[in-house]
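Visitor: Please show me the model, and then let us discuss it by question and answer.

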Amino acid sequence: MWLYENKVIEKIEDFPENTFGFIYKITNKETGKFYIGKKQLISQTNVKLGKKELASLPVQRGKKPTKKLVTKESNWVDYWGSNKFLLDDIKKLGEDKFQREIVIICPSKKLLTYWELAIQCKYDVLQVDCYNDNLLGKFYRKDFVA
């Protein structure tokens with residue numbers, strides 16, 4: 001269950017139109033330790049065309065395409081983050097000991113990355129006791145330890 005502005009979000013139709021993804025906060029209810037991350041609602045992957053699909057393509061000049069873009073809903077409904085320590089705690093303590101909330105909804109990939117960083121900085125995740133241990137894969141908690 002995801003919460004957004006005290007409302008339960010259970011399906012993709014519960015999001016505003018043009019939602020690309022969201023910034024979330026998962027909090028351990030007992031300790032207050034939290035994790036801030038981002039999640040896309042839709043995933044896009046390039047899939048190699050099969051022989052039948054290649055044969056059915058119209059005749060055209062130039063190089064024929066060999067791949068197609070496939071769009072599908074991501075696993076956001078049962079997503080619990082990518083942090084190993086967070087996932088270990090969830091497995092050990094149980095999902096009911098954690099709260100998942102959507103902090104902000106984003107219309108684009110670029111804004112999703114921006115808002116994740118902005119909110120991580122707002123909560124000062126590298127300076128407090130939380131599950132986050134890096135920002136953008138460039139700034140790490142260990143860099144602040146003397």
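The exchange below concerns fold, aromatic contacts and the main pocket.

Visitor: In what order do helices and strands follow one another along the sequence of this protein?
Guide: This is a predicted model. The protein has three helices and nine strands. Read along the sequence, their pattern is β-β-β-β-β-α-β-α-β-α-β-β.

Visitor: Is the protein more spread out or less spread out than a compact globule, and what is its radius of gyration?
Guide: The C-alpha atoms fill a box of roughly 60 × 40 × 30 Å along the principal axes. For 146 residues the globule rule gives 15 Å, and the value for this protein is well over that, so the protein is more spread out than a compact globule. The radius of gyration is 19 Å.

Visitor: What share of the 146 residues counts as buried?
Guide: A residue is buried if its relative accessible area is under 20%. W2 and Y24 both meet this condition. Of the 146 residues, the buried share is 31%.

Visitor: Why is the ring pair of W2 and Y24 given its class, and which class is it?
Guide: A pair of aromatic rings is described by the distance of the centres and the angle of the planes. The centres of W2 and Y24 are 5.5 Å apart and their planes stand at 65°. Planes over 60 degrees apart fall in one class, so the pair of W2 and Y24 is edge-to-face.

Visitor: Which strands does the pair of W2 and Y24 link?
Guide: The two residues are 22 apart in the chain, and the pair links distant parts of it. W2 lies in residues 2-4 and Y24 in residues 21-28, which are strands β1 and β3.

Visitor: Which residues do ring pairs link into a cluster?
Guide: The whole structure holds 10 aromatic pairs. Ring pairs build a cluster from W2, F15, F22, Y24, Y35, W76 and Y79.

Visitor: At what distance from the ring centre of Y79 does the charged end of K39 sit?
Guide: K33 lies over the face of Y131, at 4.7 Å from the ring centre. The charged end of K39 sits over the ring of Y79, and its distance from the centre is 4.1 Å.

Visitor: Which element gives the largest share of the lining of the largest pocket?
Guide: The largest pocket holds about 220 Å³ of space. Its lining has 16 residues, and those closest to the centre are Y35, S82, E116, N132 and N134. Two or more lining residues come from each of β4, α2, α3 and β8. The largest share, three residues, comes from β4.

Conventions:
Residues numbered from 1 in each chain as written. Predicted model: local features only at pLDDT ≥ 70, side-chain atom pairs only at ≥ 80, totals over all residues. Heavy atoms only, no water. 1 Å grid on protein atoms, 1.4 Å probe; cavity = no way out; pocket = protein on both sides within 12 Å on 5 of 7 lines; lining within 4 Å. Points joined across faces, edges and corners; volume = space filled by probe spheres on them. Helix = DSSP H or I, 4+ residues; strand = E, 2+ residues; numbered from the N terminus. Phe/Tyr/Trp six-rings, centres within 6.5 Å; stacked < 30°, edge-to-face > 60°. Buried < 20%, exposed > 50% of the residue type's maximum accessible area, 1.4 Å probe, protein only. Lys NZ or Arg CZ within 6 Å of the ring centre and 35° of its normal. Rg over C-alpha atoms; globule rule 2.2 N^0.38 Å.
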